Amino acid sequence: MGARVIASLNRDSDWSKYHVVVAGIGIAGYACADALMQLGARVTVVDSGDGPMQQERAEILRTLEVTVELGYVGDVPTCDLLVVSPGLRPTHRLITSAIAAGIWVWGELELAWRLRPSDSPAPWLVVTGTNGKTTTTMMLESMLSAGGFNAVAAGNIGTSLVDVVMHDSYEVIAVEVGAPQLPFVHSMSPHSAVCLNIADDHLDHFGSTVAYVAAKAKIFERTQVAAVYNADDVSTRLLVEEADVVDGCRAIGFTLGVPGLSMLGVVDG
């Protein structure tokens, strides 16, 4: 299939024309395979593991006519699209072989974004950062619910984002995003995004601090309304300054000190 066709795939596409390989049979991979099967795609799941958890999920998927290959350590099988779980490093053999073969690679976030309902999909409020993501995302869900919105927290927090969008009955989604989820995001355009802080983390996954920060920077690409940053962490401010956001998107800083213009902070306690 042509690259242009793959680039335009969404919830309403005829997925029966496509063979999709899903790498990983964990929470994210299982949800991705299930959703793609429901949409009519021909799905193959590969996982290097072969333990009880993998066997249990593989048995369920096989009853749904999904091909599952456990203990898989080779190059990517021939396919139109590779969907990767966040546990795989960008340098993993499946990913590098797909790129070398000209096969599109999507992460879980990209697939979830493409599978949102075409009619009034719930906006995403996206949260990342080295520390505090889960607490902040749970607080955000509570604040939205208290404000009268039908909201849910999903993503890296344990609830599959693909599952949420496939059964989308929410008005807004608070999305926790870990850095390993970001390298293969291409079209996600959240309502608003925040990076809480940046410290050395996931260096074994990305190989360097530069690569880790570059992955975090993708959180702000195509952000529509508000790019929120930690004014006391220079790295997050630089990410916002350099981000390719949607025209009109506001940069909003937060601080424990006295705020400046377009910021939130603390004055006299």
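Here is a short walk through this predicted model, from its strands to its pockets.

Let's start at strand 10, residues 226-230. Four of its five residues are buried, meaning under 20% relative accessible area, so strand 10 is largely enclosed by the rest of the structure. Strand 10 has a partner in strand 9 (residues 192-195), and the two pair in the parallel sense over four bridges. One of the pairs to look for is Cys195 with its bridge partner Tyr229 in strand 10. Strand 10 also runs parallel to strand 11 (residues 250-254), joined to it by five bridges. Here Val228 has Ile252 of strand 11 as its bridge partner. To get from strand 10 to strand 11, the chain passes through helix 10 (residues 234-242), making a right-handed β-α-β crossover.

Next, take a look at helix 9, residues 209-217, where Tyr212, Ala215 and Lys216 are the buried residues. They sit on the same side of helix 9, because the arc they cover around the axis is only 100°.

Now for the pockets. The largest has a volume of about 520 Å³. Its lining counts 20 residues, with Thr136, Leu140, Met143, Val194 and Val228 nearest its centre. Strands 6, 9, 10 and 11 and helix 6 each give two or more residues to this lining, and helix 6 gives the most, with five. By class, 17 of the lining residues are nonpolar and three are polar, while none is charged.

The second largest pocket has a volume of about 180 Å³. Among its 13 lining residues, Ala23, Gly24, Asp47, Ser85 and Leu88 lie nearest the centre. This lining divides into seven nonpolar residues, five polar and one charged.

Definitions and conventions
Residues numbered from 1 in each chain as written. Predicted model: local features only at pLDDT ≥ 70, side-chain atom pairs only at ≥ 80, totals over all residues. Heavy atoms only, no water. Buried < 20%, exposed > 50% of the residue type's maximum accessible area, 1.4 Å probe, protein only. Pairing = 2+ DSSP bridges. Right-handed = clockwise from strand over helix to strand, strands pointing away. Arc of directions from axis to C-beta. 1 Å grid on protein atoms, 1.4 Å probe; cavity = no way out; pocket = protein on both sides within 12 Å on 5 of 7 lines; lining within 4 Å. Points joined across faces, edges and corners; volume = space filled by probe spheres on them. Nonpolar A, V, L, I, M, F, W, Y, C, P; charged D, E, K, R; others polar.
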